[in-house]
Amino acid sequence: AYCLARGQYTQPAFTFGIISDVQWADVEDGTNFSGTVRRCFRGALGVLSDAVAWWSEETELAFVANLGDLIDGRNSKLGQSATAMEAARALLQRLPCRVVNCIGNHELYNYDREQIDALLGTAPTPERRTYYSFSPSPGWRVLVLDSFHESVIGWPAGHPQLRRAQATLALNNPNDLKSGDSWFRGLEGDQKRFVPYNGAFGNDQLRWLRRELQSAAAASERVVVLTHAVIAPEACDGTTMTWDYAPALAALRASGVVAAVICGHDHNGGYFLDDAGVHHLTLCSPLNLGREGRAFGAIDVYEDRLELRGPRLKDLLPSRPGLATPCVRSRAAHALPDEVIQLSLR
């Protein structure tokens with residue numbers, strides 16, 4: 001079905017590109033840790049190249065959100081971190097707009113935090129924080145969160161953030177976490193999130209988050225949240241949430257100003273509309289299909305809705321209850337029509 005032309009009644013407040021978990025490496029195709037899911041490591045870079053070309057055709061793109069895991073952890077073991085990162089950065093640098101990079105676990109497998117900031121600008125504030133906000137348009141605020149602010153990866157030995165993460169895992173997961181084959185033994189439900197490839201926001205970041213949401217409410221602003229790991233359990237497979245997702249989710253829901261939370265980390269993607277009207281989007285990874293896939297897109301932000309667009313949305317966001325069937329919209333900027341899903345805002 002064809003949908004109404006973009007901006008037939010109003011123009012969007014702003015538009016931004018989205019992609020997550022490119023996780024490319026110059027290696028043959030492989031699988032996930034359990035050997036059950038194919039991963040197209042070289043093809044994922046081709047998807048990023050296609051995405052950059054698609055975004056570059058947009059005339060009013062405020063920024064592109066790369067939600068983390070730009071390169072795969074295999075690069076570190078092979079001594080290929082620098083070449084893999086430079087290839088990905090070279091593509092992103094072709095864009096005529098800002099790129100907002102979230103920190104993912106695979107960045108932390110390859111680099112320390114200072115190196116990641118130097119390469120991807122992940123701590124742009126004077127305080128060198130990896131969580132921050134900006135306003136892409138009047139009436140809107142974007143919050144960029146660091147879902148590995150407390151984690152067992154990326155921090156030097158003895159660092160307080162590392163010690164807190166180690167204590168959290170020791171308290172919640174009795175398994176031997178130095179081996180990769182028994183992390184989930186005996187864990188049920190949401191407890192499966194307490195594994196080394198996840199992390200926590202931590203109390204300092206949660207306090208900052210609450211202040212930002214209160215400030216946005218006082219200024220009559222709506223909010224879009226960007227982060228790597230998932231906040232709503234219903235928007236993933238139940239193993240890829242932040243350890244302290246519950247207080248973060250409570251703050252987002254109680255604020256009454258959050259339009260959407262956009263994450264990655266779970267390569268199969270997910271979607272959930274919560275009772276507070278917050279859209280939780282978990283993006284699929286380009287690794288899933290390689291060059292055959294189109295796991296990228298853009299979001300047009302309106303006062304009353306978000307419009308998710310892309311060349312093939314099933315590659316970017318899986319079908320879930322409450323998610324409309326995409327309609328098709330011709331675009332002068334693109335050779336092929338866009339697929340569009342409208343997400344209503346309260």
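# Side-chain contacts in a predicted model

Let me begin with a network of salt bridges, in which Glu58, Asp300, Arg309 and Asp338 are linked. Please keep in mind throughout that this is a predicted model, and that the distances and areas I quote are computed from that model.

Staying with charged side chains for a moment, a search of the whole structure finds 22 salt bridges, and I would like to go through three individual pairs with you. In one of them, the side chains of Arg38 and Asp29 meet at 3.4 Å, N to O. Arg38 is partly exposed, with a relative accessible area of 45%, and Asp29 is also partly exposed, its relative accessible area being 41%.

Another of these pairs joins Arg74 to Asp72, with an N to O distance of 3.1 Å. Are these two residues buried or partly exposed? Arg74 counts as partly exposed, at 29% relative accessibility, whereas Asp72 is buried, with a relative accessible area of 1%; the cut-off that matters for this reasoning is that a residue under 20% counts as buried.

The remaining pair I chose is the salt bridge between Arg253 and Asp274, whose closest N and O atoms are 3.6 Å apart. This pair links distant parts of the chain, since Arg253 belongs to helix α8, residues 245-255, while Asp274 sits in the loop between β10 (270-273) and β11 (279-282), 21 residues apart. Here again the arginine, Arg253, counts as partly exposed, at 33% relative accessibility, and the aspartate, Asp274, counts as buried, at 3%.

Let me turn now to the nonpolar interior. The largest nonpolar core has 35 residues, and within this core Trp24, Leu48, Trp55 and Leu70 touch the most other members. Which elements give two or more residues to this core? They are α1 (41-56), α3 (81-92) and α5 (113-120), and of these α1 gives the most, with 9 residues.

Trp24 deserves a longer look, and if we leave aside its neighbours within four places in sequence, its contacts include Phe41, Ala44 and Leu45, as well as Leu70 and Ile71, and also Ala84, Ala87 and Ala88. The list is not confined to nonpolar side chains, for Arg42, Asp72 and Asn75 are in contact with Trp24 as well, and Asp72 is the residue we met a moment ago as the salt-bridge partner of Arg74.

There is also a second, separate core, made up of 32 residues, and among them are Phe16, Phe134, Ala259 and Leu306.

That brings me to the aromatic rings, where a search of the whole structure finds 10 aromatic pairs. Phe16 and Phe63 form a stacked pair, at 4.9 Å centre to centre and with 10° between the planes. Phe16 lies in strand β1 (residues 14-19) and Phe63 in strand β4 (residues 63-66), so this pair ties together parts that are 47 residues apart in sequence. Phe16 and Phe63 are both buried, and ring pairs link these two, together with Phe14, Phe134 and Trp140, into a cluster.

One member of that cluster, Phe134, has a further partner: the charged end of Arg98 sits over the ring of Phe134, 4.2 Å from its centre. A similar arrangement is found at Tyr302, over whose ring the charged end of Arg305 sits, 3.7 Å from the centre.

For a pair with another geometry, consider Trp183 and Tyr197, which form a tilted pair, 6.0 Å centre to centre and with 50° between the planes. Trp183 and Tyr197 both lie in the loop between α6 (160-172) and α7 (203-218), so the pair ties together parts that are 14 residues apart in sequence. Trp183 is buried, as is Tyr197.

In that loop between α6 and α7 we also find Ser182, which is buried, with a relative accessible area of 9%. Leaving aside its neighbours within four places in sequence, Ser182 is in contact with Asn175 and Asp176.

I will finish with the cysteines. How many disulfides does the structure hold? The number is 0, and Cys284, for example, is in no disulfide, the nearest cysteine sulfur being that of Cys236, 13 Å away. Cys284 is buried, at a relative accessible area of 6%, and Cys327 likewise counts as buried, at 14% relative accessibility.

Definitions and conventions:
Residues are numbered from 1 along each chain as its sequence is written. This is a predicted model: local features need pLDDT of at least 70, side-chain atom pairs count only at pLDDT 80 or more; totals for chains, interfaces and linings use all residues. Side-chain values use heavy atoms; hydrogens and water are left out. A disulfide is a pair of cysteine sulfur atoms within 2.5 Å. Buried means under 20% relative accessible area, exposed over 50%, partly exposed in between (1.4 Å probe, protein chains only). A nonpolar core is a set of buried Ala, Val, Leu, Ile, Met, Phe, Trp, Tyr and Cys residues joined through side-chain atoms within 4.5 Å. Helices (H or I, at least four residues) and strands (E, at least two) are DSSP runs, numbered from the N terminus. Contact means heavy atoms within 4.5 Å. Rings of Phe, Tyr and Trp (its six-membered ring) pair if their centres lie within 6.5 Å; planes under 30 degrees apart count as stacked, over 60 as edge-to-face and the rest as tilted. A charge sits over a ring if NZ of Lys or CZ of Arg is within 6 Å of the ring centre and within 35 degrees of the ring normal. A salt bridge is a side-chain nitrogen of Lys or Arg within 4 Å of a carboxyl oxygen of Asp or Glu.
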